[in-house]
Structures are given as C-alpha cells and as structure tokens.
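This report is for a reader who has not met this structure before. Please look through the sequence and the model first.

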Amino acid sequence: MDGPEPIAVIGIACRLPGAPDPSAFWQLLREGTDAIGVPAADRHPAQDGNERPGGWLDRVDGFDAAFFGVSPREALAMDPQQRLALELGWEALEDAGIAPDSVGGTPAGVYVGAISDDYATLLRRGGPQGITRHMFTGTQRGVIANRLSYSLGLRGPSMTVDCGQSSSLVAVHLAAESLRRGESNLVLAGGVHLNLVPESTVAVERFGGLSPDARCFTFDARANGFVRGEGGALVVLKPLTRALADGDRVYCVIHGSAVNHDGAGESLAVPNAEAQHEVIDAALAAAGVRPDAVQYVELHGTGTPVGDPIEAAALGAAFGTGPNRPVPLAVGSAKTNVGHLEGAAGVVGLVKTALSLHHRELPASLNFETPNPAIPLDDLNLRVQTASGPWPQDDRPLLAGVSAFGVGGTNAHLVLGEAPTPTLTTDIATAQTSGPVPLVVSAGSTAALAAYGARLAERLEADAELHLADMAHALVTSRALLPHRAVVVAGDRDSAIDGLQALAKGTPHPQAIAGAGPAPATGRGPVFVFPGQGSQWAGMGADLYATSPVFRDALDACAEVLDPLTGWSLIDTLTGDDDTWLNHVEMVQPALFAVMTSLARLWIAHDIQPAAVIGHSQGEIAAAHIAGILTLHDAARIVTVRSAAMRHLAGHGVMATVSQSAQWVSDHIDDRVTIAAHNSPTTTVISTTPDTLDELTAQWASQGVRVRRINVDYASHSPQVDAHQHHITTALADIQPRQAIIPMVSTVTGQPVEGTELTADYWYTNLRHPVLFHQALTHLINEGHHTTIETSPHPVLTPAIDETAEATGTAVNALHTLRRDVTASFPTALAHAHTTGTTPNWTALLPTPHHHTPLPTYPFQHHHYWLESSTAPLRSTGTAVPTDAPQDDPVAEFRERLAGLSRDEVAEEMLDLVRTHAAVALGHDSVEPILADRPFQELGFESLTAVALRKRLVAALDLALPVSVAFDYPTPQLLAEHLADVHQDKFGAAPDSDEASLAEASDDELFALIDNAGSEEAS
C-alpha cells in the first residue's frame, strides 16, 4: 500500500443520541438500536405545536463551568456547542491515554466542524438590553475550536470548519494534512451540532429535507428525507509511526482523504454523482489503495429521494464491478440509528467505522427493507449491511471508506484501515509490582473526586483481567493532576474496590488517603527533617531494602563506608533477626544515619526535592550530607566518632521530655539539670542524673507537668560531654565540609549555615550544646516553608513540628516517611505528600506496562446554564454572597469588625471578602468555587471582571486600590494579604493624588488604563 504517512486514530469521544460515550455508541450500533424520539420537556417548544421527533441529547443545558475556569455569567452566554467541544476534547485525550494537562504549549491543533448557531438566536430574542459582553465570543462559531485550544493551551492551528453537512469530515481531512505537513504534532478533530430552536427544524422541513416519518430510510424505497440528530464527536489523531513508537492504542488509520466541490450542477443543493466519484478516486489515490480492496463504505446516507441514488451511482462507478471484487461492497449509514447530525454527521460516520474496524465487526444499517427502485444494487455491486456480522473477506486487510457531502456542494471522503498488528507481541505484558499499589485519583471538585472513585471501582469490578498496577500507571500518566486529590493504597483488588467505594461515599477507609480540600500550595517547598535518636526499630528499612532498588543502592553505599569504621555489618544488622543492637548506641546511631540518608534518597528519586534541611541532634549529620556539605565518608566518620563518645557516657545519665517551655523549665531547675533541646514552645528536653530526674518527676507531677523519660542511659547535650571534646575534635580534624547545595538551618545556632563552618568544632558543639530545633524550624516557617517531611523510620518530631507551626500561626503539613513495625508504608507516605500539595513522580514507583489501559473518563459535574438563568437572583449555598441592596453602613461595620484583630486575622477576614466579591463578579451563587490559591485567570476572570472586582472592593473597604490590583496579586489569597497590609498600614491616611484618581475613575478610563498597560493580555 503506497501513499502518504498514515494517520492513527488513537482517541475517541462522543455524545450522541442514546450514547454518551464510544462504548455506549458501539453497543447501540451492535444491538441495532433506534435512538430517535420526541424532544425532552426542557427544549423550547415549537410555535406550531408540532414537536418533531429527532435524535436528542439529554440536558444540553448542563456544563461543568468551574472545571474549565469559566464563570457562570460567561457560561450563560456560551453556545452549548462550545461547552460540548470542551468536554469532548478532554474526554478524547483521556481516551487516547494522554493527560490533558500535558499538551499545553505544544503545536497541537484543533479542527471542529459546526454549521449552526441556534443558541445565538435564543440569546438575541431578549433584545439589546439582554446582550452581555460575553456574547461576543460566546456566540461565534469560530470560537468553538478556539475555546478548546485556549482551555488546553494548544499552540497549533485552531479553526471551526463550516462547509455544510461535510464540515466535520473536512475538519478531519484538514487535521490529517496538518499532521503530515508537520504543522501539528497532535490534533483533535471532529464536529458538534445541537438543535436548540424549533425555527431551524422548520427551515429544514420547508427546504424539503425532513422525513415525515422521522426516520432515515437510507437506500430504501421508503426514502423520503432525513430525521435530525444532535451531539458531537472528536477524535485524537497522530502520525502512525509516532503512535506506534509511543505505544498508543490505535483504533484505525487514515490512509488518505480528499475534498472537492460539485461545481455548477443542476442547482446549489443537488449533489453531483461525477464529483462524488472524483472525490472518492482522489482519496483512494492519496491512500495508495485499489478500489476493489475496500470492503465497506459508511455512506453519507441521508435517505433523501434525490441524494441516495446519486451517492449509490458514484459508489458503483468509483469502486467498480470487475473480477477483483468477488463480493458486493457493503454499505451502511449511522444516520439510521441516531439521525443526521448535519455539521457533525461526517465524524459520526468516522467514529462508527473506526469502532467497526477496531472490533472487526460491521453493525447493521437500520430501516432497510426494499431497495430504492432508483438504486440498482446488483448492477452497482452494492449491498446494504442489514445485520451485524463479520467483515466481508476479513482474511484481507480491513479497509473502509467514509463519505460526507454538504448541501452547498463540498464533498469529502476518507479511506480508513485497520490498526497494524503489534510486531512485538511478546512485549505485551502487564506491569508487575510488589507490595501495595497506589491508585491516584484527582478531580476539580469534591463531588467529582467521589464520582471518579465510583467509576474506577465499577471498572475494577467489571473487568477481572484489569491489573491494579496497570490501572495505577494509567492514572498517573494519562489523567490530569487536579486540585482535589486522593490515593487508594491497595494490596489487592478487593481492598482497591473497597477503598475506591469509600472515596465515592466520602467515608473513612484505611486504604484511602484524601485531602480535606484542594491540595494547597506548598510555599517554598518541603523541608526534610532528620530526627535524632528514638525512631529506631528492629527491621526498619528491611522491606524497602528488598523491594526498592533506590533504597537498596543508597543503603549499600552507606554500608560500604560505615562497615570498615564500625567493625560490624550494617546490612546484616538491619535485615537480620537479632535485635540486640538496639541496646547499643554505637550501633543505633550509625544505623539511623544510614536509614535516614537512604530514605531521603528515596524521596528525591520520586522527584520530591528538599528545599531545605534541618536535623535534630545527630540528625544534623544526615541533614548536612543531604545538603551537600558533608561527603558520605565524612558523614560516616562523624556519626561513628559521635556514637562512640555516647557509648562512653552510657550509664551516667538520663534524658526526659518535659511538657513545658524552655523558659519555664529554666526557671524551675538548678545546676544539676541541663536543657538539652528546645523542641517546641511547649516541649523541652532535659539531661540529668537518674536520681534528680526521679525527684523532678514527682515534684512537677503535683503541678500537672508531664515528664516522660527517654529510653537512653546517657546525658547528651550536657556538661558530661565536655570530657570528650578533645577526642571528638582531634578525630574529626581533617573532615572537609563544603558549601551547602541545599539550604540548611542549624539547630546549634537556629540560623542558616553556609556549610564550610561545619568543622570538627561544630560537631562537638552539636553534641554538647542544646538543640535549638524550635528556633530553627520557626526560621524556616517564617521563610515560607510550609511542608515538612520527617525522613526517618518513625515520626518522633511531628508533635513538635505541629506545636511550633501553631505558635507561628501558620498551617504546616507535617509529613513522615515510615512507621514503627509497619512494612511497605512508603507508598502511603507518598500519598500523604500528594494529597497535601507535594506531588511525587509516581511512575518511579510503578513499572510501565507495554499496552494501553483504558480507564473511565472524567466525571464532569454539570450545572444548569441556560438563558432563563441570566435573570435569576444569586442565592448562596455556602458563605453568604452579598446583593447590591443598600445597607446601613457596611464599610463602618466591616471596619468595626476588624478593630483589634491581628494582621493575620485581618487577612482571614479579607480573604472571605475577596472570595465573596469574586463570586459575585463571576456570577456564582456561592463562594465554594473561589479557591484561595487558584489564580484569578483560572477562576474565569478576564480584564473586565477584574475591574468589577476591584470596584466592589473599593466600595466595600473605602480604600484606594490601583486598577491593576487583581493582576498584581493574582490569587484571592495574595490579594487578601495585600488588602490586610493596606488596611493595617494605610487606613485613615489620605490617598495620594494618583490613588485618588484611580478610586474615582470611570469604567471607560479604567478599561483604557488596562488596555494601555497590556493587562488584557496578562489577564
């Protein structure tokens, strides 16, 4: 087969009468279902009372506006065909196994056929007074494709094709040519069509196109017109060589295509058999396919008395009746099932044929009993496919044609073929992984997250052959990462189903880890926290050593440098059955250092890089190594020397945690007791002798102060260490600390270190002086680090982290890595990180399957957006949304509420205010969709909406705000923080002249300022 580069169809999405997705459409076709019926009650009634049957979609008023960052006001003004294209585009990419958020910025194209604008007719019925600014883009057909390109961030060609009923097939032809030219690397192509006003149906009827019987009797003697249908379909196209190289699932290939025009025929609307013959010949020539090799043609097949005989004659002439065609050419029409989708009709035929090739089965064409007398099927060597069955001559490569003809004379034909058989069938294998499998689920809202959990559970229950690892890999590679997140960590199919069902119901489940809301921003990145002694346990890391190559390699590297220094085997100790090593500090501390270092390497291997590190006592050694300050060999020497000193201290002291501040402890101790660590504002560690600790414990118990003895028999960070100063500094004199690569905050000084000052003297001081963990962590939190990851075998510092964060008034995500006596818990640790905004590279945990794993597509959460809603008053379902009704003195009341509040409390009040007025500006009936950390642009703002928000805030606060305030502070949270600063610093001060002029500027002046500053583009 000679011809141009074949184009692969790798993804399909459709919404058709009786078929909301490709699977349902295939079932409808195979079962021979007639989807024609009466219009739904919510459709606009015909003025003559004659409700004409057709192929209808359910609830075309529904749209998930928030998911696409579209405000309710704009959604009301958007042609539902634009809304439909947005959702179909997302679903088609997901069906292709392409994460929709991964294609932004690429030269991917969009070609959409569409010929109607019924919604614009509805919107204009209200007269000029009902026209809004959103209608300019909302009612233009050209924006149907553009809206999809904009939403996905695509940089390739983007156009809506309107050439009549062949539009969507012409769109696919143009898309294939764009790929072959290298203009696009991926294309979404197809068409949408909705019948929203009775007048458009009346126009078709008076033209003479409608069947009085409301059926398409394609090629039948009863042919008397067509029945209208609606819906849409988009396919994802890619050059075949690339699709095969990428391991894509290929439905079929487009070998060639052609487009022409009837020319000056009998009349504009009468088709031309010769021109149709020519376009078929051109498509076959482009494909390099012989006519007699084609076994099936999906007809334009409207069932009109004029069109059917002309199409049949063209087919007979094009595909021939010679000896190379031993059986008649099979033909059929999807219009007999779902009606004529007009501008989207061609892509419906393409989807039907693609599914038929994929399943190697031809479904029946309905409504055929007696051949049209004007169509001599035998003479033309044609046969209507009247029953579902195998392809004719299916021992040959399967080939098909698809035709579409426009009422104005534009003809299109595509030549399709079956997908090539994979050449490396032995590589078709399922992904295998040991241990729990993470099923990563995300959505744009809580409701959608639950709905997707339900869909995934149903998918697992319905397909016993679907492996968990395959589903897990597909979820993290072919689905967008969205703000509302959950992870089901499952060891087997049953627990996976249970966890997903719990997610769907919103009930707690041990395997289901879900965030309380959208994953928050993580500030300046996570801080790796390395604790001191206390997190050790027998068997720590043994499971990871057996299952994780990254952890194993890191631990082996530690053993290589530690074993010669300690005289015992690190690996044998950690993986053996003897746990007596837990009683020897000179073994515990090197083992903890090695495990903590290896856990840090494991996090980093999953693309979670520390933005800073901090260590508690001996944990500083691991922290300095990960920061790049210490080589592994120098770090091993320090931990060995340090632990040896601790062994000499053993038996002479004790340590304990006191539930009071360091200041309180300092006021209640004498020189027999030393403060060893400032863990948090309410937790202090002391070092002393056993007798003294017993005395203090009894004394403080009467005052309600809790004292918990730590399981050690030495007193580090106390004067007892002084005796070992010379030995420590001499033994470590030749270490060579380097400049830090990752910022490190010292718990010796409470301040950042450069790195080179961490000489032998520093490491003596680390053991002798108090641990300033609270001070060091406070510094990091104040610098904007709002996530910590305790990289240890067990979380021992989480309470201290939480208490310190609470004292700073900052919410901190305190995460940990492993837990005592719990094996294979690292996926759970990744899940907690993922659901709180620190996103790991999940593919590092999951092997790649060698085949496509189909998953359910996104569960859009539809809300009603229709013309009648535009005049409805806003009503709150959450936080109250203010109306514009006059109030006594809202500004004074608000200021009074803020009086006496701290700056952070003022910021919280301002955030409520910003979210409330943003909801009003966008047309929401509650503040729920206004996420604090989501950019205004993603919430649906554009320049005029930003101006409206700014004016509302000026009125609500009586403060002068620059016109660009929503661009300068591009999220509700940032804007609220700014407003809090303005209120605190400038309240009561007279605005300067520039600010005053902005506060009083007219709308036109404000818009001019935006345009002059280029903010229209920035928005």
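The text below covers salt bridges, cysteines and one helix of this predicted model.

**Salt bridges**

Across the whole structure, 34 salt bridges are found. Three of them are listed here.

| Pair | Closest N to O |
|---|---|
| R30 and E361 | 3.1 Å |
| E94 and R479 | 3.7 Å |
| E298 and K352 | 3.1 Å |

The R30 and E361 side chains form a salt bridge. This pair joins distant parts of the chain, 331 residues apart: R30 belongs to helix 1 (residues 22-30), and E361 sits in the loop between helix 13 (345-359) and helix 14 (377-380). R30 is partly exposed at 44% relative accessible area, whereas E361 is buried at 16%.

E94 and R479 also meet in a salt bridge. Here 385 residues separate the partners, with E94 in helix 3 (residues 80-95) and R479 in the loop between helix 16 (468-477) and strand 14 (484-490). E94 is buried, at 4% relative accessible area, and R479 is buried at 8%.

E298 pairs with K352. Because E298 lies in strand 8 (residues 296-298) and K352 in helix 13, the pair ties together parts 54 residues apart in sequence. Both E298 and K352 are buried.

A network of salt bridges links K238, R242, D246 and D248.

**Cysteines**

The disulfide count is 0. The sulfur of C216 is 18 Å from the closest cysteine sulfur, that of C14, so the two are too far apart for a bond. C216 is buried at 1% relative accessibility, and C558 is buried at 1%.

**Helix 32**

Helix 32 (residues 903-922) has 20 residues and spans 28 Å from first to last C-alpha, close to the expected 28 Å. Just after helix 32, G923 has a positive phi of about 95°.

Methods: Residues numbered from 1 in each chain as written. Predicted model: local features only at pLDDT ≥ 70, side-chain atom pairs only at ≥ 80, totals over all residues. Heavy atoms only, no water. Helix = DSSP H or I, 4+ residues; strand = E, 2+ residues; numbered from the N terminus. Expected span 1.5 Å × (residues − 1). Disulfide = S-S within 2.5 Å. Buried < 20%, exposed > 50% of the residue type's maximum accessible area, 1.4 Å probe, protein only. Salt bridge = Lys/Arg side-chain N within 4 Å of Asp/Glu carboxyl O.
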